[in-house]
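Dear colleague,

I am handing over a structure that you have not worked with before. Please look through the sequence and the model first, and then read the notes underneath.

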Amino acid sequence: MQRQRSTRGFTILEILVALAIIFVLAGIVVGALSGSREKARDTRRLTDLDQIQVALRLYAEANGEYPCEDHTACNAAAQSADANGQLGTGGTIDTLLAPYLPNVPQDPRHDGSTYFYYYDGRVDCGGSADEVVIYARTAESVPYQTGGSSGCAGDAGAADAYTVEIARSSDTY
């Protein structure tokens, strides 16, 4: 008596080919999502910097000047400590901006050393007045800009910092 061969089911080779196709497709999807996450974080960074910029301008309107790097040279009575430093960490700059921006944002990947926002109240740009600048230190997909139109860079203005020049520090309202 001869055994009849069953035609039901799949062979091991067919299953392996199907698994290989699934793994290749999964790899493509994961690779595509990785770039999307970086772009989403950079979009958030740009939005955060816009919010900080508006808060700084509101502060300047109310106090006649931007937060000062050296509080002893400041005209604003509201400032009792130097303003330079990382944003969103509870420092002096956050306290000064609190009436205009209650929750000062942090970088989406904030770690304090590579990914952070930084305020610098006096950056020497080689002109007649210094610049007020904020940085998003280490953006992931936006083109790096080290100093905007004037080409200046400050404490956090490394080659991998996205820089937003707010105004000349001598600007008043």
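The notes below take up confidence, the nonpolar core, a buried aspartate and the aromatic pairs.

Please keep in mind that this is a predicted model. The mean pLDDT of the protein is 76, and 68% of its residues reach 70 or more. Among the elements, helix α2 (residues 92-97) has the highest mean pLDDT, at 90, while strand β4 (residues 161-168) has the lowest, at 66. Two stretches call for particular care: over residues 143-151 the pLDDT is below 50, although this stretch has 23 contacts in the model beyond near neighbours in sequence, and over residues 153-159 the pLDDT also stays under 50, with 19 contacts beyond four places in sequence. Where pLDDT is low, the predicted coordinates should not be read in detail.

Turning to the interior, the largest nonpolar core has 21 residues, and those with the most contacts inside it are Ile52, Leu56, Leu87, Leu97, Tyr119 and Ile134. At least two residues of this core come from each of α1, α2, β2 (116-123), β3 (131-137) and β4, with α1 giving the most, namely six residues. Leu87 may be a useful place to begin looking, as a list of what it touches, leaving out residues up to four places away in sequence, includes Ile52, Leu97, Tyr119 and Ile134, and also Val104, Pro105 and Gln106.

A charged residue also deserves a look: Asp48 is found in helix α1 (residues 12-63), and it counts as buried because its relative accessibility is 6%, which is under the 20% cut-off. Leaving aside neighbours within four places in sequence, Asp48 is in contact with Pro105, Gln106 and Tyr117. Pro105, Gln106 and Tyr117 are also among the residues that Leu87 touches.

Finally, the structure holds two aromatic pairs. Tyr59 and Tyr100 form an edge-to-face pair, at 6.3 Å centre to centre and with 90 degrees between the planes. This pair links distant parts of the chain, since Tyr59 lies in helix α1 and Tyr100 in the loop between α2 and β2, 41 residues apart. Tyr59 is buried, with a relative accessible area of 1%, whereas Tyr100, at 28%, counts as partly exposed. In the pair of Phe116 and Tyr118, the ring centres are 6.4 Å apart and the planes stand at 70 degrees, so this pair is edge-to-face. Phe116 counts as buried at 7% relative accessibility, and Tyr118 counts as buried at 13%.

With kind regards

Definitions and conventions. Residues are numbered from 1 along each chain as its sequence is written. This is a predicted model: local features need pLDDT of at least 70, side-chain atom pairs count only at pLDDT 80 or more; totals for chains, interfaces and linings use all residues. Side-chain values use heavy atoms; hydrogens and water are left out. pLDDT is the predictor's confidence in each residue, from 0 to 100. Helices (H or I, at least four residues) and strands (E, at least two) are DSSP runs, numbered from the N terminus. Contact means heavy atoms within 4.5 Å. Buried means under 20% relative accessible area, exposed over 50%, partly exposed in between (1.4 Å probe, protein chains only). A nonpolar core is a set of buried Ala, Val, Leu, Ile, Met, Phe, Trp, Tyr and Cys residues joined through side-chain atoms within 4.5 Å. Rings of Phe, Tyr and Trp (its six-membered ring) pair if their centres lie within 6.5 Å; planes under 30 degrees apart count as stacked, over 60 as edge-to-face and the rest as tilted.
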